[in-house]
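Biologist: Could you take a close look at one part of this model for me, the surroundings of the ligand, and then tell me how the rest of the protein is built around that picture?

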Amino acid sequence: DPYSGDPQRHPVLRVNSAKPFNGEPPPELLGDSYITPSAIFFKRNHLPVPRVDPASYRLRVEGLPRPLSLSLADLKSRFPKHTVTATLQCAGNRRSEMNAVKQVKGLNWGIAAISNATWSGALLRDVLREGGWGPEAAAAAAAAGRGARHVQFEGLDADASGTTYGASIPLNKALSEEGDVLLAYQMNGEDLPADHGYPLRVVVPGTVGARNVKWLGKVIVSREESSSHWQQNDYKGFSPGTDWDTVDFKSAPAIQELPVQSAITQPADGAVLERDADGEVTVRGYAWSGGGREVVRVDVSLDGGKTWQVARLREGEEQGEEQGEAPPPLPGRAWAWKLWEVVAPLPPGEQQVEIVCKAVDNSYNMQPDSVAPIWNLRGVLSNAWHRVRVTVRE
Ligand code: MTE
Ligand code: MO
């Protein structure tokens, strides 16, 4: 069993697949803490978890004037340590809602294939610079017809044929002073857990989970995108009219930045609510957008989207600022989600109530109101208004 070396997992995780392991936390727990504890942070593995010996581990960095081979000690001592609070979201988060419209191919994620953590490590741009990457090297490469546009990442996890997990991001993102791309050796102040990429993963803030390669073995500055299956033939968006007979994966770009997203973590879909003394209900959830775009507003409806009120974005201690975990985001660098809350009067009488939320980011991107028009055969980019139906009792 290639999975016999996999780590133990927290029993509270809802398992979408045991081998490889894929699990998400219960929504109520997810919405409880600004920083998701590592044990319940969603886990998305395509392959067995590789066991990496930290003493002999080397990160290879190629496609540079001076290729590098770095030990963990090198990464920790030769580069300044940076800490970033960033939300990771799987492209397939909320896929189950697409499945409800029409069957898609992929793990049946609920609303919790998203989590938020603090990550610490070396900046990728500092490491590339150490390898001699700079304006001169870029110009020389371009003049020689080898102009680099991408940075590829290879994981140490492999299938039976030896094929490893891989992905790439645009070189600009890696080099930008405002990109905050990390070669992370810590998550929430501790060594990375085995499931999250021990001893090293890349964290690409604002970018789809799939490019945040775990158990990182190799970094390659290159002219081409990663040739991996997951970059080329997966994690791309298509029209609702495209099916498996007609799909041409070459026709669509690989997903990088994700669209604006929000969901209700409390109450749960199907919950029965007893009206309290004040006749109010507390609605909570998360909101996030890709590319460092900041969520500026969350609207909540208690009548299926007819009337709306603005949610309170939970600030200060609730957002982790007291712990120094979340200084107010810099423009274009809002990498972390916002938790929000509404305390609203429940409509009178015993009835079914449909609670809805939708978020707006600082580019005024908004979520679509329904799933069918954004349905796609892989069930990715599922970000319609989130709806939960509850029953109110007297
Ligand atoms: N990296 C490697 N090496 N192998 C993987 O299977 N899965 C990717 C990404 N990095 C993956 C990987 C996907 S699709 C996602 S959504 C994130 O890791 C999930 O990260 P997490 O398990 O830390 O939540
Ligand atoms: Mo993913």
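Modeller: Happy to! For sorting residues into classes, Ala, Val, Leu, Ile, Met, Phe, Trp, Tyr, Cys and Pro count as nonpolar, Asp, Glu, Lys and Arg as charged, and the others, Gly among them, as polar. On that basis, the shell around ligand 1 holds 9 nonpolar, 6 polar and 5 charged residues. In total, 20 residues surround ligand 1, and the closest are His46, Cys90, Gly155, Tyr165 and Gly209. Two or more residues of this shell come from each of strand 3 (43-44) and strand 8 (150-158).

Please keep in mind that this is a predicted model. Its scores are ipTM 1.00 and pTM 0.96. The protein has a mean pLDDT of 95, with 97% of its residues at 70 or more. Among its elements, strand 12 (residues 201-203) has the highest mean pLDDT, 99, and helix 5 (residues 135-143) the lowest, 86.

Turning to the interior, the largest nonpolar core has 96 residues, and Leu124, Leu182, Leu183, Ala184 and Val202 have the most contacts inside it. At least three residues of this core come from each of domain 1 (14-251) and domain 2 (261-393). Beyond its neighbours within four places in sequence, Leu124 is in contact with Ala174, Val181, Leu182, Leu183 and Val202.

For a contrast, try Ala100, which sits in helix 3 (residues 95-101). Ala100 counts as exposed because 12 other C-beta atoms lie within 10 Å. Its C-alpha is 9.6 Å from that of Ala372, although 272 residues separate Ala100 and Ala372 in sequence.

Note on methods. Residues numbered from 1 in each chain as written. Chains lettered and ligands numbered in written order. Predicted model: local features only at pLDDT ≥ 70, side-chain atom pairs only at ≥ 80, totals over all residues. Near = placed C-beta within 6 Å. Helix = DSSP H or I, 4+ residues; strand = E, 2+ residues; numbered from the N terminus. pLDDT = per-residue confidence, 0-100. Core = buried A, V, L, I, M, F, W, Y, C linked by C-beta atoms within 7 Å. Buried ≥ 20, exposed ≤ 12 C-beta atoms within 10 Å, placed from the backbone. Domains from an automatic or database assignment. Contact = placed C-beta atoms within 7 Å.
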